Amino acid sequence: MGQEIEALGGVFTATQGLAESFTGRVLDTPLAESATVGWAIGAAMAGLRPVVEIMFMDFITTAMDQIVNGAAKLRYMSGGQVALPIVIRTPSDGGTGHGPQHSQHLETWFAHVPGLVVGMPSTVSDAYWMLRHSIQDDNPVVFVESKYLYFRESGEIGPEGSGVVHPYGARIVRSGDSVTIVTAGRMVAESLAAAESLAAEGIDCEVMDLRFIWPYDREALAESVARTNRLIVVHEAVQDFGWGGEICAWAASELFYSLDAPIRRLATPRAPIPFAAHLESALVPNRAVIESAVRDLARH
């Protein structure tokens, strides 16, 4: 259920054709995110597995009380008597000229809340399998999709679990031994492009797609840093107090003896996302910025 997902197929056509395949199970809702999530909480407690679409992640703010104080807490507060198998799908990202109120990355907010799972796919196959797994999860999942990748990422749906050890596991999308780049969402493609370019300079990057921001795959992270001895975290969310800081803090504490250089973070500065494409490009991390930061780190 969500705004314009039935007849229109969603503002980004992500649910196009779904209503014809599942009659009566795809519902349009009013502009009322809090009420929609509240309905989903009740439906989940009654035994359903609702999937809610929030048209832009920016608008998830109007449902914060339902998500944070309702969905995230009720399984614990009921002593496990009720499950909350809710998936909240929501497009995020910049890169599309939607401006400051339609381009925010807010996944860190939800990764901070006990009781919530936060996923962020970067490929067609992951969008498919991660969503299926999220629907099967008995915990509420905030499923952050990239509206930038909606019309740019294509490919076949691979076999379930391809390249990951467990459903919440990270994936090594490029192996290397010089620097580990940890990232997620659309920054995976930017990081891969940077890594391929740096390979010509003899800098062999290992690119790790976290896939789930929480829980994140600490074992895979530790194994990768043990191979490369250098770590940089790249994300599109604002750098200050972003999820990259948690990755860096854990690595500094637990992987100290595997590190040969200071950990680096690369993320969006603390500023609203501009409408103008050239200003937005100057603000959000991209291939060239990642290349420069990794090149500098590799010299240490």
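Is D28 buried, partly exposed or exposed? At 37% relative accessibility, D28 counts as partly exposed, where buried means under 20% relative accessible area, exposed over 50% and partly exposed in between (1.4 Å probe, protein chains only).

The structure is a predicted model, in which local features need pLDDT of at least 70, side-chain atom pairs count only at pLDDT 80 or more, and totals for chains, interfaces and linings use all residues. Residues are numbered from 1 along each chain as its sequence is written, and side-chain values use heavy atoms, with hydrogens and water left out.

D28 lies in the loop between helix 1 and helix 2 (33-45). Helices (H or I, at least four residues) and strands (E, at least two) are DSSP runs, numbered from the N terminus. Together with E4, E6 and E20, D28 forms a patch of negative charge on the surface. Such patches are made of residues with over 30% relative accessible area and no salt bridge, like charges being joined within 9 Å; a salt bridge is a side-chain nitrogen of Lys or Arg within 4 Å of a carboxyl oxygen of Asp or Glu.

Most residues other than glycine have a negative phi, and most peptide bonds are trans. Two residues with positive phi are tabulated here.

| Residue | Phi | Place | Relative accessibility |
|---|---|---|---|
| T13 | about 60° | segment before helix 1 (18-21) | 35%, partly exposed |
| F241 | near 65° | loop between strand 9 (231-238) and helix 10 (243-254) | 77%, exposed |

The peptide bond from W214 to P215 is cis, with omega near -5°. P215 is placed in the loop between strand 8 (212-214) and helix 9 (218-228).

Technical notes:
Patches are made of residues with over 30% relative accessible area and no salt bridge: like charges are joined within 9 Å, nonpolar side chains (Val, Leu, Ile, Met, Phe, Trp, Tyr) within 5 Å. Accessible areas come from the Shrake-Rupley method with a 1.4 Å probe; for residues, only the protein chains shown count as cover. Lys and Arg count as positive and Asp and Glu as negative; His and the chain ends are not counted. The place of a charge is taken as NZ of Lys, CZ of Arg, CG of Asp or CD of Glu.
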